[in-house]
Amino acid sequence: MTARPVRTRLLPCIALVAVAAFTVAGCGSDSDDSGSTKSSKDDKTLVVYSGREKKLVDPLYERFEEETGINLEVRYADSPEMAAQLLEEGDKSPADVFYSQDAGAIGAVEDLLSDLPAGVADQVPAEYRDDKGRWTGVTGRIRTLVYNTDELEKSDLPSGVLGVTDPKWKGKIGVAPTNASFIAFVSALRLAEGEDAAREFLEGLVANEAKIYPKNGPIVDAVAKGEVQIGLVNHYYIYEKLANDANAPVANHFFQDGDVGNLVNVSAIGILKTASHRKEAEQLVDFMVHDGQDFIVEEAPEREYPLVVSADIASNPRYKELPPLDATEGPDVDLSDLGAELEKSVQLIRESGLAT
Amino acid sequence: MLVPAIPIVYLVVRAGSAGTEAWHATLEGDLVGIAARSLLLALLVAAGTIAIAVPWAFLVVRSDLPARRVWGLVGALPLVIPSYVGALALVGAFGPRGMLQDLLEPLGVERLPEMYGFGGALVVLVLFTYPYVLLLVAAAWRRTDVSLERAARGMGRTPWQAFRSATLPQLRSSIVAGALLSALYAFGDFGVVSLLRVDTFTRQIYLRYGALFDREGAAILGLVLCVITFVVLLVERRVLRGDRRAAQARIAARDHGEQVALGRWKVPALVFVSVVTAFALVIPLGVLVWWLASIGADGAWADRIQAVLQSMGGSLLAAGIGALVSAVLAMPIAILLVRAPGRLPSIVETVVYSGYALPGLVAALGLTFFATRAAFWLYQSLAILVIAYVIRFLPQALGATRASLERVNPALESASRGMGLGAWGTFRRVTLPLAGPGVLAGAMLVFLTAMKELPATLILRPTGYETLATQLWAETNVSDYPEAALPALVLVAISAVPLWLLVIRPVAGIEAARATTAPPGDSGAGD
């Protein structure tokens with residue numbers, strides 16, 4: 001126990017921390033990264049709260065950074081968490097832009113959003129935008145039933161989503177009741193079929209011992225593994241799965257026309273009133289509904305629907321298995337109404353016992 | 001010094017500002033069931049860790065187990081694997097359609113016992129927290145006074161009776177302290193229960209916070225969780241107060257007694273330590289390596305390595321600053337406690353130790369409420385992340401620093417002062433060099449724990465700031481386990497460094513010179 005070993009060991013420790021600081025700061029100044037610290041934030045760095053998973057949207061953000069030279073600082077979390085966080089932050093929010101997984105979560109914070117500049121989202125059909133012009137849809141997706149093709153034939157599957165509460169699916173169905181997309185579906189169910197039908201459906205899932213997953217991706221995994229046979233998800237998750245494992249026994253089943261199970265929802269983007277980089281934020285929104293749409297059609301692995309009217313997917317081989325977005329007749333639900341319904345839907349899901 | 005109280009104060013503020021309706025909505029429902037499940041899990045984890053750690057400690061301290069020094073070190077190694085990484089790897093090995101099932105399928109095995117759920121979480125938490133108990137109990141066992149046991153044997157007691165009446169009482173406080181540590185760990189754990197889908201308190205809190213649009217409910221539940229934890233801690237302090245004094249008064253034993261010959265128990269003993277090691281160390285690491293290899297050469301390795309280096313920088317920076325700050329803060333508190341004990345220092349000590357009982361998720365929530373209301377400049381900064389680490393892990397640094405100061409003879413300091421060195425000079429040239437190893441051990445321990453921390457890091461980090469823990473968590477969120485393997489393995493490799501300095505080197509040193517000094521390593525094993 002002399003002084004020397006202490007000093008000789010302390011020095012490397014301090015050096016290590018210094019190197020770490022250097023690494024972080026150094027990487028932060030790279031143009032193509034998303035991991036800079038606050039201190040390295042410059043005037044052209046836009047803060048994005050992303051309710052969509054990094055894996056799915058990071059390439060899109062990178063494309064934007066390449067094209068515009070604007071740096072993005074992206075914070076990832078579930079969409080409802082981001083929405084709640086924005087409410088908690090109130091008028092002090094550091095966020096410039098909120099990109100939400102669904103119309104409900106962004107609708108829940110629409111009071112915090114400023115109007116989009118006129119004309120920017122004109123190419124997006126009105127049904128996929130906020131009535132009052134505060135947010136716009138970026139990509140379209142259809143709720144669907146994923147099933148295990150080893151265990152089931154298409155003819156085994158219910159024609160309407162309410163059919164999954166049939167006892168024959170007991171223990172064989174997976175759901176993600178706390179995921180924004182599921183919550184939005186419950187909102188649509190309540191609006192289209194009424195509170196009682198929605199409650200009965202959720203209680204039916206509980207009675208059927210539905211297996212609970214945190215998100216859509218793990219449901220598709222579980223279906224592929226045979227842990228469950230069917231699951232309620234968005235249509236694009238199987239493509240992510242098939243990209244990793246081309247032989248995974250999974251397929252989508254769309255319900256009959258007009259069924260609430262075919263809800264068309266959108267990922268949606270809006271600019272915060274508190275945004276300190278308005279011009280750059282508007283550029284990002286503009287990118288999402290213009291150049292970004294090509295990327296979604298041609299390159300993005302998950303095959304979501306582009307929303308702009310000019311995008312042509314009919315002749316695109318990547319979309320050959322998918323019905324056109326407007327041909328899958330969904331329920332008659334206005335996406336702008338979903339935000340106001342979010343809290344009540346969450347309440348109902350909790351009361352049913354599906355997520356306590 | 002009141003910083004550790006901030007999260008709790010703000011939880012109270014946030015929960016208090018919630019209407020009675022919110023309280024009602026939160027507290028009705030299956031809350032009792034969830035509380036009972038969380039407590040049962042903690043209790044069984046504690047029991048499980050004792051069941052592994054006490055026999056193991058006996059084997060490596062007192063028996064003639066072959067290669068027992070090696071087994072003593074191997075027993076501590078699972079500490080380098082964060083429990084949620086362990087859970088992930090074990091699910092990969094034993095979960096539905098996991099590696100084991102693929103192997104067994106040709107033999108007609110279609111279903112394995114369920115990994116998900118209470119049982120799975122229990123096993124995983126025991127496997128990755130038993131080393132806490134083992135380190136404490138083994139260290140205590142080395143200090144036990146064997147003359148009592150000898151006397152008991154001399155009076156005709158059987159070896160078992162002698163152990164129970166003479167040795168066990170000397171080990172009791174270490175066993176309880178270690179088991180409490182793993183129980184608290186299990187009670188506050190977030191990663192394992194989330195991965196294995198067990199509905200516990202922390203999972204409920206995160207669900208409300210993250211998915212159900214209900215921050216008030218999260219604050220209320222967080223507060224309830226804190227209250228339960230504090231009650232448990234208070235009871236523990238009452239029960240063990242006497243024991244601890246006795247343990248402190250005891251000096252290092254020079255006589256460790258004769259080795260107990262295992263005889264025909266040798267093979268079962270070896271099987272026992274091997275099986276535990278297989279599940280807690282070999283299989284998890286094997287699965288991670290297997291996953292990493294399964295990615296193959298796909299051209300994305302440059303990106304992958306860049307990403308993991310950046311996360312590594314984030315981990316080293318945050319955990320490193322957290323460790324340095326903790327070590328620096330622990331020093332004055334420890335000096336007060338050791339050299340000028342009194343009412344105020346003991347209040348400070350209680351406040352500091354309360355941070356230990358605060359689950360990471362709850363600390364993060366409290367700090368978020370604090371920052372958004374009172375200190376927005378701290379919000380989403382590296383500083384608030386470091387504050388969270390310090391609040392939660394300062395007790396580790398304090399425990400180690402205090403223990404090492406207690407071994408510094410005050411007469412040396414007096415002599416130095418008498419010879420004209422001032423207070424600062426004495427501290428720098430006498431106290432610090434003597435207490436240095438303990439201070440470093442404390443800092444290392446904080447570093448090791450902070451590297452593995454997940455929930456507070458997820459919530460408090462600056463936007464875009466990745467650590468190894470958050471990176472691998474993000475990969476598991478999209479079920480991409482092979483991609484999680486690289487950050488996981490880097491995390492394990494880095495964690496091995498402080499563990500080496502903390503446990504393995506000191507223990508090896510003790511083994512080499514057993515009879516000379518009290519083990520410096522035991523102070524670092526957690527308190």
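Three salt bridges are counted between domain 1 of chain A and domain 2 of chain A in this predicted model. A salt bridge here is a side-chain nitrogen of Lys or Arg within 4 Å of a carboxyl oxygen of Asp or Glu. Over all chains, the same rule gives a count of 25 salt bridges.

The model is predicted, so local features need pLDDT of at least 70 and side-chain atom pairs count only at pLDDT 80 or more, while totals for chains, interfaces and linings use all residues. Residues are numbered from 1 along each chain as its sequence is written, chains are lettered from A and ligands numbered from 1 in the order in which they are written, and side-chain values use heavy atoms, with hydrogens and water left out.

**The two domains of chain A**

Domain 1 of chain A covers 41-140 + 266-319, and domain 2 covers 141-264 + 327-351. These bounds come from an automatic or database domain assignment. Between the C-alpha centres of the two domains the distance is 24 Å. Domain 1 of chain A gives 29 residues to the contact and domain 2 of chain A gives 22 residues, where contact means heavy atoms within 4.5 Å.

The size of an interface is often given as the accessible area lost when the parts come together. For domain 1 of chain A and domain 2 of chain A, the buried area is about 2,100 Å², and carbon and sulfur atoms give 54% of this area. The value is the accessible area (1.4 Å probe) that two parts lose on being put together, summed over both.

Nine residue pairs, both residues at pLDDT 80 or more, are in polar contact across this interface. A polar contact is a pair of N or O atoms within 3.5 Å; within protein, one must be able to donate a hydrogen and the other to accept it, and residues adjacent in sequence count only if both atoms are side-chain atoms.

On the side of domain 1 of chain A that touches domain 2 of chain A, the elements that give two or more residues include α2 (54-68), α3 (79-89) and β9 (264-271) of chain A. The largest share, four residues, comes from α4(A). Helices (H or I, at least four residues) and strands (E, at least two) are DSSP runs, numbered from the N terminus.

**Individual salt bridges**

| Pair | Closest N to O distance |
|---|---|
| A:Arg141 and A:Glu304 | 2.7 Å |
| A:Arg52 and A:Glu304 | 2.8 Å |
| B:Glu413 and B:Arg339 | 3.0 Å |
| B:Asp199 and B:Arg203 | 3.7 Å |

A:Arg52 sits in the loop between β1 (45-50) and α2 of chain A, and A:Glu304 in the loop between α10 (291-298) and β10 (305-306), 252 residues away in sequence. Both A:Arg52 and A:Glu304 are buried, that is, under 20% relative accessible area; exposed is over 50% and partly exposed in between (1.4 Å probe, protein chains only).

In chain B, B:Glu413 belongs to helix α18 (residues 410-418) and B:Arg339 to helix α14 (residues 301-339), so their salt bridge ties together parts 74 residues apart in sequence. B:Glu413 is buried at 13% relative accessible area, whereas B:Arg339 is partly exposed at 30%. B:Arg203 is buried, with a relative accessible area of 18%.

**Chain B overall**

Chain B has 22 helices and zero strands. Of its 527 residues, 59% count as buried.
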